[in-house]
Amino acid sequence: MPETPAIEVQNLSKSYSTPAGLLPVLRQVNLRVPTGAFTSIIGPSGSGKSTLFNIIAGLEHPDAGTVLLAGQPATGQRGQVAYMPQRDALLPWRTVLDNAVLATTVQRGDVAAARREARALLPTFGLEGFGESLPAALSGGMRQRAALLRTVMWKQPMMLLDEPFGALDAITRAQLQRWLLTLWDELDRTVLLVTHDVDEAILLSDYVAVLTARPARVALTLTMDLPRPRTYQMITTPAFARLKEQLLAALGDEL
Amino acid sequence: MEYRSQQLDASHVRSNPQHEPEGAHRLSWRHWLGTALPPLLVIAGLLLLWELLVGWLALPDWLLPAPSQIGRTLVERLPILQGHITITLFEALVGLALGFVVGFGLALAIDASGLVRRALYPLLIVSQTIPIVAIAPLLIVGLGFGLLPKIIVVALVTFFPIAVNTVDGLQTADRDTVRLLLAMDASRWQLLRLVRLPAALPSILSGLKVAVTYSVIGAVLAEWIGANQGLGVYIARSLRSFRTDQVFVGALVTSLLTLALFGLVLALERWLTAWKRNTP
Ligand SMILES: Nc1ncnc2c1ncn2[C@@H]1O[C@H](COP(=O)(O)OP(=O)(O)O)[C@@H](O)[C@H]1O
Ligand SMILES: [Mg+2]
């Protein structure tokens with residue numbers, strides 16, 4: 001008897017009406033995100049990955065299909081998953097710490113306690129000494145980590161990360177991937193990550209789902225049976241290469 | 001723990017976390033000089049030319065007084081002017097406050113409901129096409145020579161730039177940030193308070209800058225049409241008695257009052273949108 005998945009998406013379909021007519025984006029998407037695991041979604045750009053996230057976060061309604069969160073029907077319900085949009089979406093007039101505790105502010109929780117907790121996490125997020133800085137004073141990588149701190153401080157058992165490193169240069173991205181790897185080992189949360197970087201998906205994930213081009217279906221779900229803790233050096237191992245080959249083949253059918 | 005080695009890019013930025021470089025003080029001073037000096041020189045040159053022309057052509061004071069004569073009249077009349085200034089300033093500020101409250105309230109109502117928008121937005125624009133010189137006498141006939149009709153005239157000319165700029169400003173909030181707040185299950189009010197109003201602030205302040213320049217002129221115009229006190233009355237009386245130098249003094253004081261209020265709004269803007277200066 002398998003454990004209840006943290007997120008389960010059943011037969012999800014979604015079209016947008018555009019001036020050019022109906023644009024089918026998702027067609028019968030099925031996905032299971034196991035509790036406590038790190039799952040990634042890769043797919044061509046414009047295939048509907050952000051749309052899928054928006055539906056899970058309750059921001060959009062699907063035309064058909066259901067979303068289950070921890071086994072409970074949650075289609076169109078908001079506030080149950082921590083969500084990091086594709087751009088960092090930091091409020092430019094709030095300091096790093098005030099941005100970090102945004103969810104607590106919205107949920108009318110104990111903001112002072114949340115600030116103390118976020119302050120203690122600043123070194124872990126490479127933001128020590130920047131708690132009272134405005135986002136404009138941060139580099140791209142630091143902004144992304146501040147947005148991740150905000151997502152972690154949201155305190156949901158499930159985190160959705162939409163291409164968190166997509167806009168960064170390759171070196172910063174590699175640094176943040178390694179950093180996220182260590183962070184996640186200690187967080188004990190379910191993560192669903194969207195990325196267009198196959199190496200990133202393999203390195204970080206327990207499972208990877210490949211989406212087809214629009215209208216998106218899940219073409220393949222693959223278990224990343226690499227040992228943990230993961231290290232960046234694994235990129236050169238034959239096991240890694242085999243996984244990459246399978247994922248690229250599934251993607252290649254779509255490109 | 002392995003984080004330590006991975007905090008590289010924090011350390012190199014930390015070497016100058018404060019955004020103001022050391023010479024910023026001197027720099028802004030020189031910058032100020034660079035922007036203020038050219039217009040000041042132009043004004044000084046024009047005044048000098050004016051003074052010389054009046055002397056050469058031997059123009060009578062009632063036709064065109066020399067700047068020096070206007071300066072003398074200003075100093076001479078200052079005690080009398082003070083009462084007029086106080087009245088005009090009071091009307092302008094109270095009218096502006098009323099215009100702000102009404103304009104801001106209308107903007108929130110228009111923003112909250114598509115029905116209100118469709119019903120009110122066209123009326124707002126029509127209200128601005130009616131000449132104030134037609135409305136002001138009617139108000140004075142109805143409400144007398146006191147302060148109230150002037151305050152209403154000022155509110156009428158100031159609410160519009162506030163309302164329009166607030167409505168527009170509320171649309172400028174970043175779409176992703178709004179979605180983030182919605183994903184946090186934020187209420188409409190929280191969305192307004194945490195994201196949309198702060199994002200609208202620069203635009204609201206632009207509206208306030210326009211409104212503040214209308215406010216003093218609006219008050220003077222309303223006084224000119226019918227009042228017992230105020231700079232508008234002073235200008236009207238001076239015109240009637242051919243004291244052209246006093247007319248110039250009235251105009252000068254009106255202009256200086258407007259500039260002072262404008263400066264206050266600029267200071268308010270600097271203070272409220274300090275975060276914007278560091279945003280690339
Ligand atoms: N609100 C919308 N209205 C119309 N079309 C949309 C909307 N949101 C997304 N789309 C379209 O849906 C497709 C999938 O978008 P998205 O989910 O953002 O893709 P991805 O994140 O995989 O790059 C794109 O072609 C995009 O233009
Ligand atoms: Mg996307």
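Which residues coordinate the magnesium ion (ligand 2)? The legends below start with that site and go on to the other close-up views of this predicted model.

**Figure 1. Coordination of the magnesium ion (ligand 2) by Ser50(A) and Gln86(A).** The donor atoms are OG of Ser50(A) and OE1 of Gln86(A), at 2.1 to 2.5 Å from the ion. These two residues come from distant parts of the chain, 36 residues apart. Ser50(A) belongs to helix α1 of chain A, and Gln86(A) to the loop between β6 (82-84) and α2 (96-100). Ser50(A) counts as partly exposed because its relative accessibility is 22%. Gln86(A), with a relative accessible area of 38%, is partly exposed.

**Figure 2. Residues and polar contacts around ligand 1.** The shell consists of Tyr16(A), Leu23(A), Val25(A), Ser45(A), Gly46(A), Ser47(A), Gly48(A), Lys49(A), Ser50(A), Thr51(A) and Arg214(A). Sorted by class, this shell has three nonpolar, six polar and two charged residues. Ser50(A), one of the shell residues, is also a donor to the magnesium ion. Oxygen atoms of ligand 1 take part in each of the following contacts. A polar backbone atom of Lys49(A) is 2.8 Å from an oxygen atom of the ligand. For Thr51(A), a polar side-chain atom is placed 2.5 Å from a ligand oxygen. In the side chain of Arg214(A), an N or O atom is 2.7 Å from an oxygen atom of ligand 1. The ligand exposes 560 Å² when taken alone, and the protein buries 66% of that area. The elements of chain A that supply two or more residues to the shell are β2 (21-33) and α1 (49-56). Of the elements, α1(A) gives the most, with three residues.

**Figure 3. Two cis peptide bonds that lead into prolines of chain A.** Most peptide bonds are trans. The bond from Arg214(A) to Pro215(A) is cis, and its omega is near -10°. Arg214(A) is also among the residues around ligand 1. Pro215(A) sits in the loop between β9 (207-211) and β10 (218-223). The bond from Arg228(A) to Pro229(A) is cis too, with omega near 0°. Pro229(A) is found in the loop between β10 and α8 (238-252) of chain A.

**Figure 4. Positive phi at Gln28(A) and Ala89(A).** Most residues other than glycine have a negative phi. Gln28(A), which is not a glycine, has a positive phi of about 55°. This residue lies in strand β2 of chain A, an element that also contributes to the shell around ligand 1. Gln28(A) has a relative accessible area of 44% and is therefore partly exposed. Ala89(A), also not a glycine, has a positive phi of about 55°. Its place is in the loop between β6 and α2 of chain A, the loop that holds Gln86(A). Ala89(A) has a relative accessible area of 4%, so it is buried.

**Figure 5. Salt bridges within chain A.** Over all chains, the structure holds 16 salt bridges. In one of them the side chains of Glu60(A) and Lys14(A) meet, at 3.9 Å from N to O. The pair ties together parts that are 46 residues apart in sequence, because Glu60(A) is in the loop between α1 and β4 (64-69) and Lys14(A) is in strand β1 (residues 7-18). Glu60(A) and Lys14(A) are both buried. A second view shows the salt bridge between the side chains of Asp197(A) and Arg173(A), with an N to O distance of 3.2 Å. These partners are 24 residues apart: Asp197(A) lies in the loop between β8 (190-195) and α7 (198-204), and Arg173(A) in helix α6 (residues 170-187). Asp197(A) is buried at a relative accessible area of 17%. Arg173(A), at 19% relative accessibility, also counts as buried, since the limit for that class is under 20%.

**Figure 6. A salt bridge between two helices of chain B, and a network in chain A.** The side chains of Lys209(B) and Glu269(B) form a salt bridge of 3.2 Å, N to O. Lys209(B) lies in helix α8 (residues 188-225) and Glu269(B) in helix α10 (residues 244-272), so the bridge ties together parts 60 residues apart in sequence. Both of these residues, Lys209(B) and Glu269(B), are buried. In chain A, Asp98(A), Arg115(A), Arg119(A) and Glu132(A) are joined into one network by salt bridges that share partners.

Definitions and conventions
Residues numbered from 1 in each chain as written. Chains lettered and ligands numbered in written order. Predicted model: local features only at pLDDT ≥ 70, side-chain atom pairs only at ≥ 80, totals over all residues. Heavy atoms only, no water. Near = heavy atom within 4 Å. Polar contact = N/O pair within 3.5 Å; in protein donor to acceptor, adjacent residues only side chain to side chain. Areas by Shrake-Rupley, 256 points an atom, 1.4 Å probe, with all protein chains shown as cover. Helix = DSSP H or I, 4+ residues; strand = E, 2+ residues; numbered from the N terminus. Nonpolar A, V, L, I, M, F, W, Y, C, P; charged D, E, K, R; others polar. Donors = N, O, S within 2.8 Å, 3.2 Å for Na, K, Ca; no water. Buried < 20%, exposed > 50% of the residue type's maximum accessible area, 1.4 Å probe, protein only. Salt bridge = Lys/Arg side-chain N within 4 Å of Asp/Glu carboxyl O.
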